[in-house]
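Work through these short exercises with the structure open beside you. Try each task before reading its solution.

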Amino acid sequence: MLPQFAVAGHGLEPGGERRGEEAGGQGAEEQQPPPPGRLCGPRSPSPPMTGSRQRGGPGARSCLLWLFVLLKNAEPFQVTVREDNCIIVSLEASDVVSSSSVYVVKIAGESKNYFFQFEEFNSTLPAPVVFNAKYHGLYYIVTLLVVNSNMVSKPARSITVLTKPLPVSSVSIYDYKPSPETGVLFEIQYPEKYNVFTRVNISYWEGKEFRTMLYKDFFKGKTVFNHWLPGICYSNITFQLVSEATFNKSTLVEYSGVQHEPKQHRTVPYPPRNISVQIVPINRNNWEEHSGNFAEESFMGPQEIIRKEKLSHFSDNPPEIPSANMSSAWPDYRSNSTQYETTSQPYWWSNEAESSEGEEEFINAVSNDYKPNDVNTSGELTPEPPSFVPVQMVLTWLPPKPPTAFDGFHISIEREENSTEFLTVSEDTHKFVAELKEPGKYKLSVTTFSSAGSCEVRGSQSAKTLSFYISPTGEWIEELTEKPQHVTVTVLSSTTALTSWTASQESGNNSTIVSVVSLTCQKQKESQRLEKHYCTEVNSSSSLIENLVPGAQYQVVVYLRKGPLVGPPSDPVTFSIVPTGIKDLTLYPLGPTAVVLSWNRPFLGVFRKYVVEMFYFNPSTMTSEWTTYYEIAATVSLTASVRIANLLPAWYYNFRVTMVTWGDPELSCCDSSTISFIT
């Protein structure tokens, strides 16, 4: 049975009077440590002990020895952390060492220490001390102090606990733009005040494999993770803040909960490799079914539909629909006969214009009111111009580089920038065959897509876009990939310049496009513009550039062209035209100390400002040099004037007016526009 103790701060004194409530009780209230030799509240002196055991004698030494053995073998007091971040400290029976002792808990870890005193108790242990920790994810050192009489003993024992950090509130996942195939940008939001963590635990499902890792390189809630696989669906992505602390060679780890919505993200698959295209003429007489691992498609052009409508409405009273055998014959009209004879079809007539059984057929015959002037001198029908003979397009590629998870390929076929076909083929298909029935400019692209899993379907970036042109005669013109090199511009006069460049021998037969635009036009106000021709980009097939304006600055870009296909642009070249300068500079004296300068400018020219300078002997500096007197902004007016005052009487002056351009560097003209005067 435990000895009878008075409850600290709430018990009765030996005389029966209640002690004042000066000592702190349980809870998270901040307490001050008791001063040396004092308890947290007034206590009556302990009654003298009977017998021969006096303080400091053998009895005291045996008591201290008993206390040391008890402390060494006893189980430590209990410290737990609740979900609400409260630290609970419970006193155990083995912690009770003396009937006259007071038990104090010291909690360290924050900016200051906190002290809490257990209530005095008798036969039952006191209620636990509850401390409301301010910081989440911080480690606290809880120490039990035993106070005997008027002295404080050394700490009996200490326990280190780690509070749990607050959870992440929201998560955003973005593509890492430099490498969306393997990289993502994580952005997390979490309570920052009183929340401490060292690393972030990232958990996710990589397809059917569960992964988890600790990551610490978060800066302001953001980090780049560049270790994922391309095309994979990453699902159930969660983030936990992790706090770690090491104390007495032992490591404590606490994970926050998961309160944000789990995320999912699919990385971008790599594009297919080695994309190439070939155009093959179709020999319909020897048409065979293709074999192999590829897809086949036929593209019907609008011209064939128009031709069908035109021929089907050729006669107001069409005869009966011929049989299937007759549909493959071509009617041959003869002027001296009323019967039509069948001959073989011309070479340009497409067999695919024939209709199969059960489909709508058109009538290949002339009307009953046929006129003789439609017959040529030989008595035969005048044939229509040959139509476009369809060609076969063979598109091939290789699968994307491993390791890429993908489920197929998207094929985009664009014609004349106004008609686009999208097709999807399986992941095992590496060849696509299509019949092109219309001439024109085509653009092809093949991309990889990934769709497995719960993430959204994503396609790869287009590794290469193929362009080619099919002429009406079936000629195949490949994409131009070369750009002109060593482009130079030689100024021939104030209004003309000549462009030159070099190209390879393979592209020697190609034509060119010279694109010219003025760099100074946009720098002027629209109402004050002195040039208009090259304010927008002007394209020309000639290397000679005309209609230039003196004082303007231009940029030239050259393209190679073959048919309607245009190659990549050359490096831009900038050149400037020197301004022509002013004319008719005139001086009007106004007395011994002032003059007026007036001048005209050419009608054709562009400039930024006039600069008025004067040359004279300066008596204060004892030097003679040109100095700027005034600057006048350019206007559309053809005349300008300026008044110059504060001249020295009976002094020799030279005046000069120059035009300065907008270019970089600035150009000016001309130093010869001078006039002299003696006041």
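**Exercise 1.** How many aromatic pairs does a search of the whole structure find?

*Solution.* This is a predicted model. The search finds 26 aromatic pairs.

**Exercise 2.** Classify the aromatic pair of Tyr-442 and Phe-468.

*Solution.*
1. The ring centres lie 5.5 Å apart. Pairing requires centres within 6.5 Å.
2. The planes make an angle of 15°. Planes under 30 degrees apart count as stacked, and this pair is stacked.
3. Now place the residues. Tyr-442 belongs to strand S25 (residues 440-450) and Phe-468 to strand S27 (residues 465-470). They are 26 residues apart, so the pair links distant parts of the chain.

**Exercise 3.** Are Tyr-442 and Phe-468 buried or exposed?

*Solution.*
1. Buried means under 20% relative accessible area.
2. Tyr-442 has 4% relative accessibility, so Tyr-442 is buried.
3. Phe-468 has 1%, so Phe-468 is buried too.

**Exercise 4.** Which strands stand at the edges of the open sheet S37-S38-S41, and why is one side of each left without a neighbour?

*Solution.*
1. Read the order of the three strands: S37-S38-S41, with antiparallel pairing.
2. S37 (583-589) and S41 (639-644) stand at the edges. Each has a single partner strand, so one side has no neighbour in the sheet.
3. From one strand to the next, the twist averages 15°.
4. Look at one pairing. Five bridges join S37 to S38 (residues 595-600). Leu-587 has Leu-597 in S38 as its bridge partner.

**Exercise 5.** Which ring does the charged end of Arg-656 sit over?

*Solution.* The ring is that of Trp-626, with the charged end 4.1 Å from its centre.

How values were computed. Residues are numbered from 1 along each chain as its sequence is written. This is a predicted model: local features need pLDDT of at least 70, side-chain atom pairs count only at pLDDT 80 or more; totals for chains, interfaces and linings use all residues. Side-chain values use heavy atoms; hydrogens and water are left out. Two strands pair if DSSP finds at least two bridges between them. Helices (H or I, at least four residues) and strands (E, at least two) are DSSP runs, numbered from the N terminus. Axes are lines fitted to C-alpha atoms, for helices over the stretch in contact, and angles run from 0 to 180 degrees between N-to-C directions. Rings of Phe, Tyr and Trp (its six-membered ring) pair if their centres lie within 6.5 Å; planes under 30 degrees apart count as stacked, over 60 as edge-to-face and the rest as tilted. Buried means under 20% relative accessible area, exposed over 50%, partly exposed in between (1.4 Å probe, protein chains only). A charge sits over a ring if NZ of Lys or CZ of Arg is within 6 Å of the ring centre and within 35 degrees of the ring normal.
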